[in-house]
Amino acid sequence: MKSWQAFEQRHSDRVTWRDFICDADALGLILVSGPDARDFLQNQVSSDIGLIDETRTQLSSYSTPKGRMVGIFRIIQVSNGYLLLTTRAMVLPLLERLFHFIVRSDVRLADASDYFARMALVTDRADWLEDDRLPADPGSVLQTDSVISLQVEPLGDQRRFLFLCLNPEEAIALWQHYGQGVQAASFDAWRLSEIRAGIPSIYPQTSEAFVLQMANLQALGGVSFNKGCYPGQEIVARMQYLGKLKRRMFLAEIDTHRLPEPGDELVLAGRGDADGSGTVVDAVFDAAGLCHCLYVGQIERAEAGTLQLIDQPEAEIRNQELPYPAPA
């Protein structure tokens with residue numbers, strides 16, 4: 001067992017999930033390399049690849065021609081191409097889709113998950129603000145020969161970091177250094193921070209369930225409306241400029257002892273059958289046992305508080321304010 005995982009297991013019962021470090025092996029990596037890697041990705045993903053370099057990362061997505069998102073990921077430019085950081089369960093489905101579009105491009109795709117140890121850190125420690133091993137601001141990336149560090153969207157006064165380590169000894173050293181100042185947690189602590197930051201994840205159960213605007217990607221910088229074509233671009237543009245957004249993603253707290261799963265349905269209160277009112281994006285319990293959830297719902301019904309889980313009608317759903325302006 002990896003030493004940082006053993007430490008996590010010994011101390012996870014003390015976790016408050018505010019300042020913490022955790023193993024992030026539940027995230028996976030796709031490497032896109034080759035001379036045509038940049039142009040290939042520019043023609044496949046929703047964001048503008050031209051806006052990133054080895055010091056900046058961005059949120060992005062890949063969709064079907066009908067505009068339904070297959071997956072969401074963070075893109076990191078590296079010396080030999082690009083890394084797509086996503087949920088581990090979506091690595092192979094995304095690879096299978098992307099392989100179909102290589103055609104004559106000089107591009108190589110690979111599952112790079114096993115080449116990196118992955119860790120997450122969340123902290124509001126002021127004395128780490130000047131730590132030169134931590135990227136300075138959200139969206140920034142630091143790279144050495146063996147470690148890629150990125151700072152992602154903040155959560156209030158907490159800064160959130162991800163580390164990708166090629167060298168196991170380097171990973172252990174980072175864990176031991178930052179683990180002295182924060183608590184060790186399970187990966188659910190990171191999932192909770194993503195949910196509370198309003199960052200959607202896609203799982204096999206929700207792949208192709210949403211158009212990217214439904215998951216608030218336009219509010220998170222995960223789409224460019226000025227770049228050229230990519231799969232689903234016509235649907236996305238039509239919704240942006242000609243349509244009315246009828247569904248968006250909401251942050252909620254739910255009083256329940258049974259955790260909702262990605263893909264679980266929400267319905268209009270009083271209805272016993274599925275009516276397409278909403279879908280759970282992700283949910284996790286905090287250390288006190290409260291369920292935090294992201295769900296995509298019909299805006300009028302969600303804002304009126306008339307939705308309920310189809311299989312837990314008694315569970316109260318309380319919408320919370322997102323940490324960014326809700327898409328209009």
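Begin with the residues around the largest cavity, whose lining consists, by class, of 13 nonpolar, three polar and four charged residues. The model on your screen is a predicted one, and the tour moves from this cavity to a helix, then to two pockets, and finally to two loops.

**Stop 1: the largest cavity**

A search of the whole structure finds two cavities of 30 Å³ or more, and the largest cavity has a volume of about 230 Å³. To find its centre, select Leu 27, Thr 87, Glu 194, Pro 200 and Ser 201, which are the closest to that centre among the 20 residues of the lining. Now colour strand E4 (69-78), strand E5 (81-87) and helix H5, since these are the elements that give two or more residues to the lining of the largest cavity. Which element gives the most to this lining? With five residues, H5 gives the most.

**Stop 2: helix H4**

Next select residues 168-179, the 12 residues of helix H4, and display the C-alpha atoms at its two ends. At 1.5 Å a residue the helix should span 16 Å, and because the end C-alpha atoms are 16 Å apart, the expected span and the distance in the model agree.

Keep H4 selected and pick out its buried residues, which are Ala 171, Leu 174, Trp 175, Tyr 178 and Gly 179. If you turn the view until you look down the axis of H4, the buried residues fall within an arc of 115°, so they line one face of the helix. In general, an α-helix has 3.6 residues a turn, so residues three or four places apart point the same way.

Before leaving H4, go to its start and show the side chain of Asn 167, where a side-chain oxygen reaches to within 2.8 Å of the backbone nitrogen of Glu 169.

**Stop 3: two pockets**

About 320 Å³ of space lies in the largest pocket. Select Val 78, Asn 80, Phe 116, Ile 148 and Leu 166, which lie nearest the centre of this pocket among the 19 residues that line it. Strand E6 and strand E9 (147-155) are the elements that give two or more residues to its lining, and by class the lining of the largest pocket divides into 11 nonpolar, five polar and three charged residues.

Move on to the second largest pocket, which has a volume of about 260 Å³. Of the 18 residues that line this second pocket, Thr 57, Gln 58, Leu 59, Leu 220 and Gly 221 are the closest to its centre, and they make a convenient selection. Strand E3 (57-63) and E9 each supply at least two residues of the lining of the second largest pocket. How do the residues of this lining divide by class? The lining of the second largest pocket has seven nonpolar, seven polar and four charged residues.

**Stop 4: two loop residues**

As background for the last stop, most residues other than glycine have a negative phi.

Select Val 103, which is found in the loop between helix H3 (91-99) and strand E6 (108-111). Phi of Val 103 is near 50°, a positive value in a residue other than glycine. Is Val 103 buried or exposed? Val 103 counts as exposed because its relative accessibility is 71%, and the cut-off for exposed is over 50%.

Finish at Glu 208, in the loop between helix H5 (187-196) and helix H6 (233-241). Phi of Glu 208 is also positive, near 70°, while its relative accessible area of 35% makes Glu 208 partly exposed.

Terms used:
Residues numbered from 1 in each chain as written. Predicted model: local features only at pLDDT ≥ 70, side-chain atom pairs only at ≥ 80, totals over all residues. Heavy atoms only, no water. Helix = DSSP H or I, 4+ residues; strand = E, 2+ residues; numbered from the N terminus. Buried < 20%, exposed > 50% of the residue type's maximum accessible area, 1.4 Å probe, protein only. 1 Å grid on protein atoms, 1.4 Å probe; cavity = no way out; pocket = protein on both sides within 12 Å on 5 of 7 lines; lining within 4 Å. Points joined across faces, edges and corners; volume = space filled by probe spheres on them. Nonpolar A, V, L, I, M, F, W, Y, C, P; charged D, E, K, R; others polar. Expected span 1.5 Å × (residues − 1). Arc of directions from axis to C-beta. Polar contact = N/O pair within 3.5 Å; in protein donor to acceptor, adjacent residues only side chain to side chain.
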